[in-house]
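Visitor: I'd like to walk through this model and ask how each label is earned. Could you take me round?

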Amino acid sequence: MACGFRRSIACQLSRVLDLPPENLIKSISAVPISRKEEVADFQLSVDSLLENNNDHSRPDTQVQARKLAEKLKCDSVVSEISTGQGTVNFKINRELLTKTVLQQVIKDGSKYGLKSELFSGLPQKKIVVEFSSPNIAKKFHVGHLRSTIIGLLGTGFQLFGYEEKLQSSPLQHLFEVYVQVNKEAADDKNVAKSAHEFFQRLELGDTQALALWQKFRDLSIEEYVRVYKRLGVHFDEYSGESFYREKSQEVLKLLDSKGLLQKTIKGTAIVDLSGNGDPSSICTLMRSDGTSLYATRDLAAAIDRMDKYNFDTMIYVTDKGQKKHFQQVFQMLQIMGYDWAERCQHVPFGVVQGMKTRKGDVTFLEDVLNEIRLRMLQNMASLKTTKVLENPQETAERVGLAALIIQDFKGLLLSDYQFSWDRVFQSRGDTGVFLQYTHARLHSLEETFGCGYLNDFNTACLQEPQSVSILQHLLRFDEVLYRSSQDLQPRHIVSYLLTLSHLAGMAHKTLYVKDGPPEVAGARLHLFRAVRSVLANGMKLLGITPVCRM
């Protein structure tokens, strides 16, 4: 895409360079906008054409760019060709740029950016993504930590549990039970022993232990579905690592049959991934009592998912503290003979620091969601510009979630960051509230002036610098999507949407729709409609539901 301009440039270059256009398309990039000066629309890095040359024979890129530019000609698409620092720059015919970009945005709708030639060569893939991974009967923790708590919970419920409370408020009651049994276990070794025995019975298939675990699991998932719905998240399958207790025994047998499993003097079973006894490369897969561990069950889960889905890629999204764990799991799959282990990928995320509600330290994700809604409602009530809303609670939650998501996705996923409620809820600046406000304001513009203007427009009415900057930015959307799809970092999309919102905000102050000549008003309305459409597309990709009033 980039509305076919990239391919048009590639075709002209291919004739001069004697290379297929497909080999050149990804070397042609849209130029980021500049507030200081008008820039070209696309550029070709000469360096990318010379990447196969060794360092000693590489010619001067500036000279090469100038020589290449001299061989190229302007045509009905390209109106100007120039050179920069090792680049050949292309300016698209302004009226063609305007008409093509705006028509493409409206025509492609939610697929705008995805129909690009950047994606055309990529095969369709089946991708399994494991994320969130809360514990059964443990409320969503904002850190998304995972641990095996079933044994303590089983013992705790037998000691402190009430069936009535379990049915009326399952996760709250089970959490209270878990806290209480943790305290008891710290003082009484018999409680800890009983918890361990319960987990062992579960692994061995004891009917009573299994029935209790199944009850906890069913009630937990019911509660999770409710909270996931608030986040706009849908899962195709719920299957935690404890689901694979039986298949984990098969993994141990397979490792043993290949001579990879070693017994220690303590009775545990390990795999030495270094082959020379390096303690940092030893992975324990079985306790001395024969029960499995987290790594064993993750191996079983990976094998089962490949059998079930025959995936092209499987992505695990967890906190960065599990980096070594997944390195070892993938390495073990390789030495077990599963070549598809190279298709498994860990995407780690950092730690959120300093997140507190007014009640104190945050423990549960649902507490955060409730706090977001409450604070956003109060913010909206204090603003004079807030519209009368049919469902203020729903709007507050959607705007609040946008604020949280943008705060979380602005930087590298791997980075830790300090959380600030005040910063998150700013209506100006680089925040999710600002994105929602921009979308709502542009929607209001369309509502106010209707769609009568949108049948056709005069491209000559959109040649102001503000209009051209917006059009150039819309042109770049496919590259941003492609980049995020390659490195799995949402920050590229976040940065793009924030820039688009700032451009729209500045244009809204100078490109008036009200009281202007119908031809000019119609063209500007068409431009703002395209901005809102792309803004909505990007927000939805990040898991944000755009609001139309706030």
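**Labels and the values behind them**

Guide: Happy to. Strand β7 (residues 269-272) pairs with β8 in the antiparallel sense over four bridges. Please keep in mind that this is a predicted model.

Visitor: What makes β7 and β8 count as a pair?

Guide: Pairing takes at least two bridges. β7 and β8 have four bridges between them, running antiparallel, so they count as a pair. Within that pairing, I270 stands opposite T284 in β8.

Visitor: Why are β6 and β8 called edge strands?

Guide: The sheet is open, has three strands in the order β6-β7-β8, and pairs in the antiparallel sense. β6 (262-263) and β8 (282-286) each pair on one side only, and that makes them the edge strands.

Visitor: Which strands form the open sheet with parallel pairing?

Guide: That one also has three strands, in the order β5-β9-β10. Its edge strands are β5 (127-131) and β10 (344-349), each pairing on one side only. Neighbouring strands here are turned against each other by 20 degrees on average, with direction ignored.

Visitor: How do you know that β9 and β10 are paired?

Guide: Again, the cut-off is at least two bridges. Strand β9 (residues 313-319) and β10 have six, in the parallel sense, so the pair qualifies. T318 stands opposite P348 in β10.

Visitor: Which helices lie across these sheets?

Guide: Helix α13 (residues 294-309) lies across β5 and β9, at about 145 degrees to β9. Helix α14 (residues 323-335) lies across β9 and β10, at about 180 degrees to β10. α14 also lies across β7 and β8, where its angle to β8 is about 80 degrees.

Visitor: How do you know that the length of α14 agrees with its 13 residues?

Guide: The expected span is 1.5 Å times one less than the number of residues. For the 13 residues of α14 that gives 18 Å, and the end C-alpha atoms are 19 Å apart, so the two agree. Helix α9 (residues 170-187) can be checked in this way too: with 18 residues, 26 Å is expected, and the distance from first to last C-alpha is close to that, at 26 Å.

Visitor: Which residues of α14 are buried, and what do they pack against?

Guide: The buried residues of α14 are H325, F326, Q328, V329, F330, M332 and L333. They pack against β7, β8, α13, β9 and β10. After α14 comes G337, with a positive phi near 100 degrees. In α9, the buried residues include L171, F175, V177 and V181.

Visitor: Why do the side chains of β2 alternate?

Guide: In a regular strand, side chains alternate between the two faces of the sheet. In β2 (residues 42-45), F42 and L44 point to one face and are buried, while Q43 and S45 point to the other and are not buried. β2 has partners as well: three bridges join it to β1 (residues 28-30), antiparallel, with A30 opposite F42. Four bridges link β2 and β4 (residues 87-92), also antiparallel, and L44 has V88 as its bridge partner in β4.

Visitor: What makes up the largest nonpolar core?

Guide: It has 69 residues, and those with the most contacts inside it are L13, F42, F90, V101 and L474. Helix α22 (residues 518-541) gives the most to this core, ten residues. L474 touches, among others, V101, Y112, L500 and V534, not counting residues up to four places away in sequence. Apart from this core lies another, of 32 residues, among them A302, F311, M336 and A341.

Visitor: Why is L488 called partly exposed and D515 exposed?

Guide: Exposed means over 50% relative accessible area, buried means under 20%, and partly exposed is in between. L488 has 27% relative accessibility, so it counts as partly exposed. D515 has 75%, so it is exposed.

Visitor: What is the sign of phi at L488 and at D515?

Guide: Positive at each: L488 has a phi near 55 degrees and D515 one near 65 degrees. Most residues other than glycine have a negative phi. L488 sits in the loop between α20 (477-487) and α21 (491-510), and D515 in the loop between α21 and α22.

Technical notes
Residues numbered from 1 in each chain as written. Predicted model: local features only at pLDDT ≥ 70, side-chain atom pairs only at ≥ 80, totals over all residues. Heavy atoms only, no water. Buried < 20%, exposed > 50% of the residue type's maximum accessible area, 1.4 Å probe, protein only. Helix = DSSP H or I, 4+ residues; strand = E, 2+ residues; numbered from the N terminus. Axes fitted to C-alpha atoms, helices over the stretch in contact; angles between N-to-C directions. Contact = heavy atoms within 4.5 Å. Core = buried A, V, L, I, M, F, W, Y, C linked by side-chain atoms within 4.5 Å.
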